[in-house]
Every structure is written in structure tokens, then in C-alpha cells.
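Hi everyone, and thanks for making time for this. I'd like to walk you through a structure that may be new to you, one piece after another. Let me put it up on the screen.

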Amino acid sequence: MKIIFASVLFFATVMCVKAQHTDLIANSEGRKTVSLDGQWQTIVDPYETGYYDYRYQPSANGYFKDTKPKSKSDLIEYDFDTSETLAVPGDWNTQKERLLLYEGTIWYKKAFDHQKKPNTRIFVYFGAASYLSDVYLNGQKLGRHEGGFTPFNFEITNLVRDKGNSLIVKVDNKRRRDAVPTLNTDWWNYGGLTREVKLIEVPDTFVQDYFIQLQKGSQNRIGGWVRLNGGKLNQKITVRIPEARISQTFTADVKGYAEINLNADLTLWSPNNPKLYDVKVEAETDQVQDQIGFRSIEVKGSEILLNGKPIFLRGVSIHEEAPFRGGRAHSKEDAGTLLNWAKELGCNFVRLAHYPHNETMIREADRMGIMVWSEIPVYWTILWENPATFENAQAQLSEMIARDKNRAAIIIWSVANETPLGDTRLTFLKKLIERARSLDSTRLISAALERHYLDDKKTQMIDDPLGEYLDVLGCNEYVGWYDGLPEKIDTLDWKTKYQKPLIMSEFGADALYGKHGDALTRWSEEYQEDLYRRTVKMLKKISFLRGTSPWILMDFRSPRRPLPGIQDFRNRKGLISDRGEKKKAFYVMQEYYRELGAPLQK
Ligand code: GCU
């Protein structure tokens, strides 16, 4: 009887808590924060013993209670404080050999003190946690977040103590058929608190969020909004851009919302001049500062226009893996290494696949003048009919846009990769596109589409119905690797039914660095080099091609690639090995980008 009552009570609290994770606080970098990064106590819990009782019912006395024995006779079968630790930020898979393939639950605990100041509110902010997180403070459930690649925060103002706080997170990276991504991906299912965790301290009424960018199609009109959160909402809000001698005041409405509209004479952000402005948003009770670039991005027929001028996106695809050490990338150094390699290749653009990468990477691209394609992990065949799967995908899309909407570097939001034709798929993705456009009308929408051969067996046709709803067509092709041998590329022709620009969002071949042979020897650098040579020739013939992002900058871990001595659980399509060694194909692509105007890198 007691157990049933406990679980009913538990469910009652969970139901109401579920909706509690607050809207994302914009620009967590520009706030007063306390980092909780470092070593966290952890409990590896494959059977979720810390969450369910022996009847597999959620337990009211789970590990989130962080209970200590009060007497020598007390029976407590876990103890965070004598358990092993894991570093945060960081995936667990590359921190301990035995966790490399671990998929399940690990509990994380961080103890901290925090002297709350009067008239302030406290939030706990997670850069990302892979994949499903249940968060507790001092035994109280704060809420749950699903999705391994987007940030979330919870308010803890009324729960935080001056001393001895116990922040506990149950992180579960088990793959599920109804999840996003679903069961099979060609990347490693890294688990853990993979990005920073911090406390954010703000005034009672604070600047919760803002969107400050050039209006669609304009190069001198800034449009957007500011939203306050708190008790005193209809405040005066001033937007200042000192360097552009802009200081304009707006009045927030009773909901704390203020529309922003102002003329601006700005130096526009571009790869050659990635100009960022100090922008201050000052309300009566709070102010936040950010570095924002202003540029316009549009399409006209099959042209992509940056600041009104046609541009070719010289890109490369990148997974969020750290060079050399492996595992999830998260640091400035990781971002710098990857983006400098892309620059060395001659890139002005990167496709960050297949999920939103960390904010450090995006801000580094902003600073370095590298345009970005950002994507949500609607990858291969997810459960299109399942409403919860849609809600999940839409939440990840909204969080991706919420975090990065003020970053000039991001020019494209992508809603899907290699998803199969079908009505439910089309309906699902059309709704996502509508959502993206409602949240941000200033950027382009794309997806990696399906294509097929015409009867002549040498013309690839892009007429995927999804193309109708996109601004830019994306297409992945592996002719010469999964489809025939490289000679097949020589006679390949491309067509589309759409008057839209195409980005060849993937192409390439696996090669093990240092393995040599003739051009028909699979896995050799020569095979990859030859395939790239032929592909570049083919790309030059495509009249509506306006960008390329070959697959991929660096070899990366994948559970789908077991070939001993060659792959060893790595996808070897990198132009660079995971130890930073450049393969022959790297120079073929570099030469092509030089022909397209890439500046010589010092
Ligand atoms: C696919 C997919 C990638 C994958 C690549 C490959 O197109 O989008 O995630 O890694 O092909 O097979 O190497």
C-alpha cells in the first residue's frame, strides 16, 4: 500500500514538474555566472536502480535524494561521495575504457555552496546533456530535458541553500526508436554532461532573451525583440551599439516584450571582414552585453546572396569530435583546431553535422568569419507518425534557434538528413520548416534531400517534394564509393526541378591515412584522391551548384565501422585523420577552393 501511494504521489509531482524547465536564458556567456565544471561524483546505474524500485516503479527514494546513513544500522546502498568521478564537460565514453560502449544511465552529483544575494534569481544552465536528463536539487525534481545537443536551464531561486547544495543529474543515453535521433546513426552515441554546467545569477526582473539582427533582405534596418522575465515587466529598454552610434529606447509591454526596429549604418559581417559589434541591451533592472555581427543572407533563383552579392559556399562537413584526444569536442581549443583546418582547406563555410554543435564552436566561427550550416538530428528514418517524436524534434529545433539566433555566422538551419520519401515524413518536415520560419525569418532553410537516377542511369535528379519548401537544396552523394567505382562519376550529370541553389552537402570516400595503393585500391589515399579529382570535375559542371561540404573534415568514431586494421570503429572519410594527418585528397579539395578564390592561408 505504502509503495503504491508513494509512486502515485511521485507521478503526481513528476507530471506537474515536467513542464517546468524555463525558456532558455539568452547569451549565458554575457551573464554573471558560477561554473560547476570539474570533477563530478558519479554512479554508473545500468539497471536504473537509483530511479525505479524492484517493481520497476519510479521510486520516491531514488539516488536523487542523496541520502546518507544516519546510524550504523541504516541501509543505504549507494554513496556519491565515495564513488568515482567523471570530468564535466565531457562524454563518459572516452574517460574510462569500460565506458567506451556504455549506453545507459549514469548519475552525476555536484555539491556546491551559493550565497544568494537579495533581489536576485538563480538558474542552473546546462550547455547540453546526452541524451535524457532528469535534474534534481537538494532532493527536489527540477525537471527533465530530452535531446543531447541543445542547452536548457532550470530556476532554483527558491531551492538553493547558502551551503551544501546537492545538484544531481540522471543522464541516460539509451537509444530509442521514437527518439531524435533514432536507433541507428553513423556516429558514436557519446553520453554524459558533454558541455558546461553553470549557475546564472540575474536580477528579479531580467533580460531573458533578445533577437537583434538585420531584417530580412535589409542591410541597414535592424529588427527584432527583447523579452523580460520577472515582476516589473513594462520597462524602458535601450539598445546601444556604441561603435555605430546607436542608442534607441523602446518600451516593453505588460508581458515584458518589446519590438526592436531601428536604422543602422553598419559594417556588414562577412568571411573577409567578420565584424562583430558590442551590443548592449539595457533595461531598468538588468543589462546584458553581446558581440553581434550583422549581415543579410538570401536566395534569388539559384543564387545565394551574402550582403546582396552572390557567394559560393566553400565548405566541409564536421562532426563534434575533438581532434587528437577524441570524444565530444567542447573547448575553444577544439573549435580553433577544427576551424583552422577548415580555413587551411580554403573554407568560408562549414556544415556542422548532424546536430547543433557547442556554442563555443559557433562563436569561434562568428569571430573567424566562417559561415555555418546548423542542423537538428532528424536523421535517416525516425518515427514520423509519432506525435512525441515530432514534439521532441520541434523542441530541439526551437532550442537550437533560441541559442544561436544572434550569431551572424549561422546562415542555414537544416531540418533533416537523408530522410526517406513519404507523406508522413513530408508533413512532419513541413511543420518543422514552418516552425523555423516563425522563429527566424532572416535565415535560409535547407535539408539533405533524396535524389534518384533518371532512366539514362547517368543523370541524378533532385525532385524530392521536400525541396519545394526549402530555400537551399542539400544533397549527399557517394557515387564512386557506395555506388559503383570512381569512373562512374565522369559521366554523371545533375538535374533538379527547382530553381534553387544546391549545396552538395556530402561526398567522399574512406581512406586510412598512410595506406597506399593504386586508385582502385579501396581504403587507400590514392582511391580517395582519385574520387575527389573526378568529383571536383563533376561539380564544376553543375550549373545550380552554390556550395559544397565534403564528408568529412576529420575521421570520426562510428559504431557502424568495425573493419579491423582499417576502420577500427572509425569512419575514415576524413580529409584529415583523427591524429591531424592530412590525406592526399585534402590537397585536391584545397586546390579546387583556391580556384574558387580561397585566400592562401599563412
Ligand atoms: C551518410 C550520412 C553520414 C555518414 C555518411 C557515410 O550520408 O549522412 O552521417 O557518415 O553517409 O556513410 O560515411
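I'll go through a small sheet, two helices, some aromatic rings and finally two single residues. Please keep in mind throughout that this is a predicted model.

Let's begin with the sheet. Three strands make up an open sheet in the order β18-β19-β20, and their pairing is antiparallel. Which strands are at the edges? Those are β18, residues 297-300, and β20, residues 309-310, each of which pairs on one side only.

Now let's look at how the strands are joined. Between β18 and β19 there are four bridges, in the antiparallel sense. If you'd like one to find on the screen, take Val299, whose bridge partner in β19 is Ile304. These two strands form a hairpin with two residues between them. In that turn you'll find Gly301, with a positive phi of about 60°. On the other side, β19, which covers residues 303-306, pairs with β20 over two bridges, again antiparallel. Here you can look for Leu306, which has Lys309 in β20 as its bridge partner.

On to the helices, starting with α2. This helix runs over residues 332-345, and its 14 residues should span 20 Å at 1.5 Å a residue. The end C-alpha atoms are 20 Å apart, so the expected and modelled spans agree. Which residues of α2 are buried? They are Asp334, Ala335, Gly336, Leu338, Leu339, Trp341, Ala342, Lys343 and Leu345. And what do they pack against? The partners are the strands β22 (317-318) and β23 (349-352), together with the helices α3 (359-368) and α7 (584-595). Just after α2 comes Gly346, which takes a positive phi of about 105°.

Next is α6, residues 525-540. For its 16 residues, 1.5 Å a residue gives an expected span of 22 Å, and the end C-alpha atoms are 23 Å apart, which agrees. Twelve of those 16 residues are buried, so α6 is largely enclosed by the rest of the structure. Among the buried ones are Tyr527, Leu531, Tyr532, Val536, Met538 and Leu539, and the list also includes Glu525, Glu526, Glu529 and Asp530. What covers them includes the strands β30 (493-496), β31 (502-506) and β32 (545-548), as well as α7. You'll remember α7 from a moment ago, when it was packing against the buried residues of α2.

Now for the rings. We describe a pair of aromatic rings by the distance of the centres and the angle of the planes. In this model the count comes to 30 aromatic pairs. Take Trp40 and Tyr108: their ring centres are 6.3 Å apart and their planes are at 75°, so this pair is edge-to-face. Trp40 lies in strand β2, residues 38-44, and Tyr108 in strand β4, residues 105-112, so the pair ties together parts that are 68 residues apart in sequence. Both Trp40 and Tyr108 are buried.

Another edge-to-face pair is Tyr78 with Phe80, at 6.1 Å centre to centre and 80° between the planes. Tyr78 and Phe80 are buried too. They also belong to a cluster linked by ring pairs, along with Tyr63, Phe64, Trp107 and Tyr136.

Some rings have a charge over them. The charged end of Lys198 sits over the ring of Tyr125, 5.2 Å from its centre. Likewise, the charged end of Lys582 sits over the ring of Phe586, at 5.4 Å from the centre.

Let me finish with two single residues. Ser398 is in helix α4, residues 387-404. Is Ser398 buried or exposed? With 16% relative accessibility, Ser398 counts as buried. A polar atom of its side chain lies 2.7 Å from the backbone oxygen of Gln394. Leaving aside residues up to four places away in sequence, Ser398 touches Arg435 and Leu439.

The other one is Pro181, in the loop between β9 (165-172) and β10 (197-203). Pro181 is buried as well, with a relative accessible area of 14%. Apart from residues up to four places away in sequence, Pro181 touches Arg176, Trp187 and Pro377. And here is one last distance to look for: Pro181 and Leu383 are 202 residues apart along the chain, yet their C-alpha atoms are separated by 9.8 Å.

Thank you all for listening!

Key:
Residues are numbered from 1 along each chain as its sequence is written. This is a predicted model: local features need pLDDT of at least 70, side-chain atom pairs count only at pLDDT 80 or more; totals for chains, interfaces and linings use all residues. Side-chain values use heavy atoms; hydrogens and water are left out. Two strands pair if DSSP finds at least two bridges between them. The expected span of a helix is 1.5 Å times one less than its number of residues. Buried means under 20% relative accessible area, exposed over 50%, partly exposed in between (1.4 Å probe, protein chains only). Contact means heavy atoms within 4.5 Å. Rings of Phe, Tyr and Trp (its six-membered ring) pair if their centres lie within 6.5 Å; planes under 30 degrees apart count as stacked, over 60 as edge-to-face and the rest as tilted. A charge sits over a ring if NZ of Lys or CZ of Arg is within 6 Å of the ring centre and within 35 degrees of the ring normal. A polar contact is a pair of N or O atoms within 3.5 Å; within protein, one must be able to donate a hydrogen and the other to accept it, and residues adjacent in sequence count only if both atoms are side-chain atoms.
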